[in-house]
Amino acid sequence: MKRYLTVDDIGDLEVALKEAAEVKANPYKWDTLGKNKTIVLIFFNSSLRTRLSTQKAAMNLGMNVIVLDVNKDGWKLESEFGVIMDGDKPEHLREAVPVIGRYCDIIGVRSFATFEDKAADYEERILNQFIEFAGVPIISMESATRHPLQAFADLFTIEEHKTKARPKVVLTWAPHPRALPQAVPNSFAEWMKKADVEFVITHPKGYELAPEFSEGATIEYDQKKAFEGADFIYAKNWSSFTEYGQILSKDMSWTVNEEKMALTNNAKFMHCLPVRRNMIVTDGVIDSPNSIVIDEAENRVISAQVVIKRMLESL
Ligand code: AN0
Ligand code: CP
């Protein structure tokens, strides 16, 4: 595996889920696979789970790990080509990326949507410079448009908790005070459409995801109707794609609460975290026995370990 950016990079989902279960059952089985191999995890944005779980996954495989928080520790990096670099960025990605590539065998990169330029975000201009110039395999740790380690962990968590062969999974928008990327819902949709689930997306008008992600999913604008009979409720805020990066609503009637959960088939509650309590979800729901958000976060180690393991096996 040379890159891990979209659902297509993981191949057959059944095979990947089986491998994830093997890794979870025996996490240290491959603890010499990464001997004398180094992974650099580079962060342009904050993280708790991704940073710790990816580092843990690499350590389980016996790798050396270097973490770089660009905003704190590195030079500010220019990403536009052809600019006169007389501003606040002393180094270009065009040099920084191949330099990092010379120091390691795999690079993980987190670079969120900037919301400054829809085309630049959806063309993945920053991630693509890593792919083009690093010379080593690249793992997306959330790019402008996708968060594939999260979606893989989410599917594996659903697999572990499902009580029927083909569960109903509902992705619901919920309110948030800040403009958030579409990466998590995009990837979740991409994965759910390939998985053996009944997939429904519910959100207020104006929050339609980019067609490439929403096509093939059932869209239900009535949140309560969407919740009926659901086996999994996956909450997430995202900003508008059409009115790019804008907050069109902070409608608190979309918060996931006990009354709405009562409409479901005793659904499990999921969220990628970090979550704003009593905005996205009430305390009562996230603290209930049906909440599996911590199990979901735990599985981030598993998804990262499967991906890094496959990359090491093909170095
Ligand atoms: C980020 C997002 O919504 O993409 C990261 C989630 C994993 N969330 C926040 O910035 C709060
Ligand atoms: N879910 C997730 O990616 O969390 P972090 O932003 O803390 O890494």
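**Exercise 1. Which pocket does ligand 2 take, and what surrounds it there?**

Step 1. Start with the space. Ligand 2 takes up the second largest pocket. Keep in mind that this model is predicted.

Step 2. List the neighbours. S47, L48, R49, T50, R110, H147, Q150, C272, L273 and R300 surround ligand 2.

Step 3. Sort that shell by class. The shell around ligand 2 holds 3 nonpolar, 4 polar and 3 charged residues.

**Exercise 2. Find the polar contacts of ligand 2, using a cut-off of 3.5 Å between N or O atoms**.

Step 1. Look at the backbone. An N or O atom in the backbone of L48 is 2.7 Å from an oxygen atom of ligand 2.

Step 2. Turn to the side chains. In H147, a side-chain N or O atom lies 2.9 Å from an oxygen atom of ligand 2. In Q150, a polar side-chain atom is 3.0 Å from a nitrogen atom of ligand 2.

Step 3. Check the cover. On its own, ligand 2 has 260 Å² of accessible area, and the protein covers 93% of it.

**Exercise 3. Why does ligand 2 lie between two domains?**

Step 1. Note the bounds. Domain 1 spans 3-146 + 300-314, and domain 2 spans 150-296.

Step 2. Draw the conclusion. Both domains give residues to the shell around ligand 2, so ligand 2 lies between them.

**Exercise 4. Describe the surroundings of ligand 1**.

Step 1. Name the residues. F112, E142, H147, L180, P181, K236, C272, L273 and P274 are around ligand 1.

Step 2. Class them. This shell divides into 6 nonpolar, 1 polar and 2 charged residues.

Step 3. Find polar contacts. A side-chain N or O atom of E142 is 2.7 Å from an oxygen atom of ligand 1. A polar side-chain atom of K236 also lies 2.7 Å from an oxygen atom of ligand 1.

Step 4. Check the cover. Ligand 1 alone has 330 Å² of accessible area, of which the protein covers 82%.

Step 5. Place the ligand. The space taken by ligand 1 is the second largest pocket.

**Exercise 5. How many cavities of 30 Å³ or more are there, and what lines the largest cavity?**

Step 1. Count. There is 1 cavity of 30 Å³ or more.

Step 2. Give the volume. The largest cavity has about 30 Å³.

Step 3. Name the lining. W173, H176, R178, A179, Y207, N237, W238, S239, Q246, I247 and S249 line the largest cavity.

Step 4. Sort the lining. By class, the residues are 5 nonpolar, 5 polar and 1 charged.

Conventions: Residues numbered from 1 in each chain as written. Chains lettered and ligands numbered in written order. Predicted model: local features only at pLDDT ≥ 70, side-chain atom pairs only at ≥ 80, totals over all residues. Heavy atoms only, no water. Near = heavy atom within 4 Å. Polar contact = N/O pair within 3.5 Å; in protein donor to acceptor, adjacent residues only side chain to side chain. Areas by Shrake-Rupley, 256 points an atom, 1.4 Å probe, with all protein chains shown as cover. 1 Å grid on protein atoms, 1.4 Å probe; cavity = no way out; pocket = protein on both sides within 12 Å on 5 of 7 lines; lining within 4 Å. Sits in = over half its atoms within 2 Å of the grid points. Nonpolar A, V, L, I, M, F, W, Y, C, P; charged D, E, K, R; others polar. Domains from an automatic or database assignment. Points joined across faces, edges and corners; volume = space filled by probe spheres on them.
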